[in-house]
Amino acid sequence: MAARSVDTTAHDRRRYPSHSKGDYPRMEYGGQPDRLRQDVFVDVNLQLRAFQERDLPFLDRLSVDPEAVGPFMWSGFDGVRRRRHRWENDGYVGEASVALAITLSSEVDDAPAGLASWQINPRHQPGVCYEVGVMILPEHRGKGFGLAAHKLLVRHLFDFTPAHRLEAVTDAENVPKQRALERVGFILEGRRREVYFRSGSWRDELMYGLLRSDRQDSRQ
Ligand SMILES: CC(C)(COP(=O)(O)OP(=O)(O)OC[C@H]1O[C@@H](n2cnc3c(N)ncnc32)[C@H](O)[C@@H]1OP(=O)(O)O)[C@@H](O)C(=O)NCCC(=O)NCCS
């Protein structure tokens, strides 16, 4: 499938009046987990930063509140211990898997409004292919933050890791996720039929991919 040219700039200026063409995220990251724990990735409207101890109630909420993660990510109550264990283990910043807090410039308390993650796809050589994910809390959805977080994540991974390919898998009915991925330039590569069980029935998933060269094409 041929790479598409995606111009998101005009749309973003409509959505964010302060978003001028030169407002690219500032990111300071050397690619190593220890650096990542200290650094903040900044867009005009949101930031990605490592989780801190005071964010534990946010992480707990993801395990006990179905509304928080939404119907496409909720897979049943799993208790807070699994997330607490991950927190104790690596603070959500590991060699093969990272999750960061999304915080909003408009919020004064720096509380997480969502989560952005990536993990190395183990089917490929290390560092070649990452699977990415974004979750925005329900009170902040539909305001452009999901799209902005995807953009920041993609920019980070292509600028600061040698990743050749990014992947995202989503429920076939998750329209906001599909729209956000397509707006960033991800290309629909396939449909996995009835591959997972949710809310009482087997569901289809859509597989999206973004190559480093797709992104270069979209900048021309
Ligand atoms: C998927 C998610 C990250 C999108 O973030 P968001 O902030 O709600 O989305 P945005 O406001 O950035 O909008 C992204 C696109 O989706 C569209 N969209 C947003 N909400 C929508 C809705 N309820 N119905 C249809 N389209 C919608 C927007 O119009 C936009 O498309 P456009 O740029 O062509 O206009 C967010 O909805 C979410 O966290 N959902 C729950 C968790 C989840 O399902 N994550 C994905 C797991 S694979």
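The protein has eight helices and nine strands. The model is predicted. Buried residues account for 26% of its 220 residues. Among contacts between residues at least 6 apart in sequence, 58% join residues at least 24 apart.

Start with confidence. The average pLDDT is 84, and 80% of the residues score at least 70. Over residues 1-30 the pLDDT is below 50, although this stretch has 41 contacts in the model beyond near neighbours in sequence. Where pLDDT is low, the predicted coordinates should not be read in detail.

Now the interior. The largest nonpolar core holds 39 residues. Those with the most contacts inside this core are Ile 102, Ala 116, Ile 136, Phe 145, Ala 149 and Leu 153. Eight elements give two or more residues each: the strands β3 (46-49), β4 (97-104), β5 (114-120), β6 (129-136), β7 (165-171) and β9 (201-211), and the helices α6 (145-160) and α7 (175-184). The most comes from α6, which gives seven residues. In soluble globular proteins, nonpolar side chains tend to be buried together.

Ile 136 is a good place to look closer. Which residues does Ile 136 touch, leaving aside its neighbours within four places in sequence? The contacts are Ile 102, Ala 113, Gly 114, Arg 141, Phe 145 and Gly 146. Two of these partners, Ile 102 and Phe 145, are also listed with Ile 136 among the core residues with the most contacts.

From Ile 136, step across to Gly 70. The two residues are 66 apart along the chain, yet their C-alpha atoms are separated by 9.2 Å. Gly 70 lies in the loop between α4 (66-69) and α5. Gly 70 is partly exposed, because 17 other C-beta atoms lie within 10 Å, and a buried residue needs 20 or more.

Gly 70 also leads to the ligand. The ligand is surrounded by 23 residues, and the closest are Gly 70, Arg 141, Gly 146, Leu 147 and Arg 179. Arg 141 and Gly 146 have appeared before, as contacts of Ile 136. What is the make-up of the shell by class? There are 11 nonpolar, seven polar and five charged residues. β6, α6 and α7 each supply at least two residues of the shell. The largest share, six residues, is from α7. Both α6 and α7 also contribute to the nonpolar core.

Next come the strands toward the end of the sequence. β9 has two antiparallel partners to follow here. β7 and β9 are joined by seven bridges and run antiparallel. In this pairing, Thr 170 stands opposite Leu 206 in β9. β8 (residues 187-198) also pairs with β9 in the antiparallel sense, over eight bridges. Here Gly 190 stands opposite Met 207 in β9.

β8 and β9 form a hairpin with two residues between them. Ser 199 lies in the loop between these strands. Its phi is near 45°, a positive value in a residue other than glycine. Most residues other than glycine have a negative phi, and most peptide bonds are trans. Is Ser 199 buried or exposed? Ser 199 counts as exposed, because it has 8 C-beta neighbours inside 10 Å.

A second backbone feature follows α5. This helix, residues 81-90, is hardly covered: one of its 10 residues is buried. Gly 91 comes after α5 and has a positive phi, near 65°. Tyr 92 has a positive phi too, of about 70°, although Tyr 92 is not a glycine. Tyr 92 sits in the loop between α5 and β4. Why does Tyr 92 count as buried? The reason is its 21 C-beta neighbours inside 10 Å, where 20 or more make a residue buried.

One more loop completes the tour. Arg 54 is found between β3 and α3 (56-64). Arg 54 counts as exposed, because it has 11 C-beta neighbours inside 10 Å, and the limit for an exposed residue is 12 or fewer. Arg 54 and Pro 112 are 58 residues apart in sequence, but 9.9 Å apart in space, C-alpha to C-alpha.

Technical notes:
Residues numbered from 1 in each chain as written. Core = buried A, V, L, I, M, F, W, Y, C linked by C-beta atoms within 7 Å. Helix = DSSP H or I, 4+ residues; strand = E, 2+ residues; numbered from the N terminus. Contact = placed C-beta atoms within 7 Å. Pairing = 2+ DSSP bridges. Near = placed C-beta within 6 Å. Nonpolar A, V, L, I, M, F, W, Y, C, P; charged D, E, K, R; others polar. pLDDT = per-residue confidence, 0-100.
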